Amino acid sequence: MSVQSMRASGGRRVVAVDNAEELGSIKEFVVAPSGRRIDKVQIGGRGKKAEFARWSDLESFGADVVMAERADIAEEAETDRDTAAAKGNVTLLGARILDTDGFEHGAVEDAEFDTDDGSIVSVSSSAGTIGSDRIRSLGAYALVVDADDPHN
């Protein structure tokens with residue numbers, strides 16, 4: 001497993017393996033409603049005209065460049081969640097963190113993800129690091145996590 005920072009990965013160029021064409025750069029990550037994996041990355045456009053690449057179409061996620069399987073992977077927003085992510089309305093970075101007991105734990109400053117499968121490994125805030133096993137969901141209002149177990 002290779003882990004990278006979501007914040008540090010923003011702006012990384014996306015290049016097609018089949019023709020070495022630059023397709024764009026990472027503008028936003030579209031995280032699944034579960035908050036536990038990256039479904040897509042926005043690589044161009046804005047708002048309703050945003051273009052995305054599915055995580056499954058990315059061949060490798062390197063420290064300098066993201067390699068896409070082929071040049072024709074870019075697609076328009078398919079869901080309201082895609083459009084909301086492109087507009088910055090549903091985003092993991094900057095999301096407020098609420099636990100299932102209703103307590104706030106700051107906002108997401110960064111997230112670590114597995115470059116092989118796009119799974120979120122952890123999120124960090126000024127209050128500390130939260131492992132993916134505690135993540136419940138991500139919406140427009142907040143990232144919801146399990147409350148700390150006082151018996152551990």
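Modeller: A quick term before we start: a contact means heavy atoms within 4.5 Å. This is a predicted model, where local features need pLDDT of at least 70, side-chain atom pairs count only at pLDDT 80 or more, and totals for chains, interfaces and linings use all residues. Residues are numbered from 1 along each chain as its sequence is written, and side-chain values use heavy atoms, with hydrogens and water left out.

Biologist: Which residues does L92 touch, leaving aside those up to four places away in sequence?

Modeller: Neighbours up to four places away in sequence are not counted here. What's left for L92 is M6, V31, V108, A111, I120, V123, L138 and L143.

Biologist: How many residues are in the largest nonpolar core?

Modeller: A nonpolar core is a set of buried Ala, Val, Leu, Ile, Met, Phe, Trp, Tyr and Cys residues joined through side-chain atoms within 4.5 Å. Buried means under 20% relative accessible area (1.4 Å probe, protein chains only). L92 and M6 are among the residues with the most contacts inside the largest core, and its size is 33 residues.

Biologist: Which strand gives the largest share of this core?

Modeller: The share is three residues. They come from residues 38–44, which is strand β5.

Biologist: How many residues does the other core have?

Modeller: That core lies apart from the largest one. Among its members are A50, F52, A85 and A86, and its size is five residues.

Biologist: What percentage of the protein chain is buried?

Modeller: The protein chain has 152 residues. Of these, the buried ones make up 45%.

Key. Buried means under 20% relative accessible area, exposed over 50%, partly exposed in between (1.4 Å probe, protein chains only). Helices (H or I, at least four residues) and strands (E, at least two) are DSSP runs, numbered from the N terminus.
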